[in-house]
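Student: I would like to go through this model term by term. Can we set each label against its definition?
Tutor: Yes. Here is the model.

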2 protein chains.
Amino acid sequence: MNIEILAIGDEILDGHTINSNAAVISRKLASKGYVTNKHTVIPDCQDKIIQEFQEIFVEKTLLICTGGLGPTEDDTTKKAIASFFDVSFEINNEVLTDMKHRYGDISTLENQSTVIKDAKMILNPEGTAPGMVHFFDRGCVIFLPGVPNELEAMLDQVMLYVEKAYPLSSVPFSKEVSLFNVKESDVEPKIKTLNRKELKVGSYPFLGGVQIRAFSQNEKKLTSYINQIKNIFPNQYFFSDEHKIEQALHNLLIREKKTVAFAESCSGGALAAAMTKHPGSSEYFLGSVISYSNQMKNRILGVSKETLDNFGAVSKETVTEMLQGLFEQTTCDYAVAVSGIAGPTGGTKDKPVGTVYVGVAKRDNPFDIGIIYKKGSRKTIIAYTVNTALSILYRKIAFNKDTFNE
Amino acid sequence: MNIEILAIGDEILDGHTINSNAAVISRKLASKGYVTNKHTVIPDCQDKIIQEFQEIFVEKTLLICTGGLGPTEDDTTKKAIASFFDVSFEINNEVLTDMKHRYGDISTLENQSTVIKDAKMILNPEGTAPGMVHFFDRGCVIFLPGVPNELEAMLDQVMLYVEKAYPLSSVPFSKEVSLFNVKESDVEPKIKTLNRKELKVGSYPFLGGVQIRAFSQNEKKLTSYINQIKNIFPNQYFFSDEHKIEQALHNLLIREKKTVAFAESCSGGALAAAMTKHPGSSEYFLGSVISYSNQMKNRILGVSKETLDNFGAVSKETVTEMLQGLFEQTTCDYAVAVSGIAGPTGGTKDKPVGTVYVGVAKRDNPFDIGIIYKKGSRKTIIAYTVNTALSILYRKIAFNKDTFNE
């Protein structure tokens, strides 16, 4: 069965909206063993939509189609659907009742509850446009709203239809391991001699590291392959979905029952946000002081005015006092502090844009403070700072490694 | 000229990576008046790549192709390129020298500097894979690396080739206005009677609001249309790229020369990160105390233990003391504090998941504290909290409106 995802929307094609929906859907499909063959984005244009349907359904296909059905949308998509699939639209009373129950009497609700006759409905718990599942002789099309949180809330229901209509006979195993503090070009030479028989292997760089993912029908060979990689990089690997160090650290902190507090300057809240997006982070995360100004470094963290004057906010000395402040102000087991120049301005000859001091410490132990130089945009520098700081904390807890740079 | 963006990568099709590159490229093209007609993602598979090239170049096309050319990638993409475009690859000494200069002597560099013979090179300032521009009788293909920060750093160079090869005769004007604290279904009835002659209008919902965008060759009609929308929603509009309230607030705070500090609980740093991602935010942003634990609310912000015991962390009383703490600890002109239940657990009957208290205050003025109830995932609740809190602050500064809910 060919599986494709089609997004309809001018706002994606002009770059105002990122098509995160396709990733969310493909990820959900992949978690159940389904392989997506193509993602496509086309404009809100009736002819183009019909033409695309024609090309896609040349072969038998499960198509998941997002967007184009909101309350203010003109009838482009509906006309294209009616024309290509030879269906009519009608008001669905179940959908209308559900929406009236949630939104009261709004004139646009009738438009939103006008759906494909005889299609199966997927109720939308976070918005007004329902999902529709339509089977026909060339496969199946599932229409979903384009608003990401609404779509995400409906995916479990979508999978029920997919798994019932297209059950899989065999699902390949997949395993992944992520390596931090290493470049992609350094990894390949070290792992290329490993036996890859029966495996499909992919290598995906992220800021600060590389993820290796392997697929196989042979679970034993898969496990052996991943274990060999671990052994080649014994102090710099982690396991998590989405190659995210914060997910690995989140699990580690909960497992080890340790608490952590941050003091951030240039990362500006990104370090804290990376942890707190995970449910349950309140078990270990005490908080973060985003001391973006010197007054907050001084007043809240106790960084002395002399230190700020003599060494500057971006210095080993300031980061040391930020860590001290965290240990004094909180009961944290571990503390992380960062201060740097995210740019694009503010750099000097001695401390160019991308210079970041990162301090990581365990209570009552020597502080471990190092320096990063990362070239790139502000976004790149912040993301790299977050990944690096969390990796060092992870390494300290998981491998008891105290040296910053090794 | 047909313009399309093609991404090659299994990691996008299995949902591990979001195809943000397509949005970034399309946005850049749109900023210069170029319209992207299609985004496509296909697997790292030689046959599929060649088939896709064949379909795309049925008509004369400018194709921007991302991914598939990293140092550890097998030769799938290169073979497909060689076959379809009838070109050969060779080591480019300029590229090799540039990379040796930046990375030293690494064996993989030769592979990375093996490029299409006679193609124009785009040097990659943040990584190893260079960009390649190849003109032929059916148009032009530009190959770029798939790593987002590398690609972004090369886009200005890409545009130089595009604008030179395909200059535009007339570029439509576009204007946009965003409305906050309003649902898409409430906006449409109020604006549908406005004269849309000569205009193309789109409406794009985001969490907490709706963006209206209009295009026209007639700038006067465009301006008039947007002004009429402003007049219909006089206290709840803003202007910014990407329908981001934080961008509008950033500009406003700099213009008004006011400072702000935050105290966050459930938003966990997302509020601060939304502001600090903008260069220059240090002009107005003093910092944020992410008091995720009661100990930090008490120790750093001075929220009393009695208040926390009697009313709970998620209460009007706690948010009031968080605001007081900010005004005491910093010199901020404005303060924002949020405390709520982001879920998925932690809700009670009285305070279900999605309950968030938001406090916004101007120094020496009465505090303005309200409550949000937002259904949805943790991610949705956090994003909605950020948009709502920043919108209320924006309204207070821009329109001097003090009432939370009106």
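Student: What makes β13(B) and β14(B) a pair, and do they run parallel or antiparallel?
Tutor: Two strands pair if DSSP finds at least two bridges between them. Five bridges join β13(B) to β14 (residues 285–290) of chain B. So they pair by that definition, and they run parallel. One partnership is Ala261(B) with Gly287(B). Before we go on: this is a predicted model, where local features need pLDDT of at least 70 and side-chain atom pairs count only at pLDDT 80 or more, while totals for chains, interfaces and linings use all residues. Residues are numbered from 1 along each chain as its sequence is written, and chains are lettered from A and ligands numbered from 1 in the order in which they are written.

Student: Which strand of chain B do five bridges join to β13(B), other than β14(B)?
Tutor: β15 (residues 334–340) of chain B, also parallel. There, Glu264(B) stands opposite Val338(B). Strands here are DSSP runs (E, at least two residues) and helices are runs of H or I (at least four), numbered from the N terminus.

Student: Why is β13(B) called mostly covered?
Tutor: Five of its five residues, 260–264, are buried. Buried means 20 or more other C-beta atoms within 10 Å of the residue's own; 12 or fewer is exposed, in between is partly exposed, and C-beta atoms are placed from the backbone. Val260(B), Phe262(B) and Glu264(B) point one way, Ala261(B) and Ala263(B) the other. In a regular strand the side chains alternate between the two faces of the sheet.

Student: Why is the unit of β13(B), α11(B) and β14(B) called right-handed?
Tutor: The test is to view the strands pointing away; if the path from the first strand over the helix to the second runs clockwise, the crossover is right-handed. The β-α-β unit with helix α11 (residues 270–276) of chain B is assigned that hand.

Student: How do you know that β2(A) and β2(B) pair across the chains?
Tutor: Three bridges join the two strands, each residues 38–42, and they run antiparallel. At least two are required, so they pair. His39(A) stands opposite Val41(B).

Student: What makes β10 and β12 of chain A edge strands?
Tutor: The open four-stranded sheet has the order β10-β11-β9-β12, with antiparallel pairing. β10 (200–206) and β12 (237–238) each pair on one side only. Seven bridges join β10(A) to β11 (residues 209–216) of chain A, where Lys200(A) stands opposite Phe215(A).
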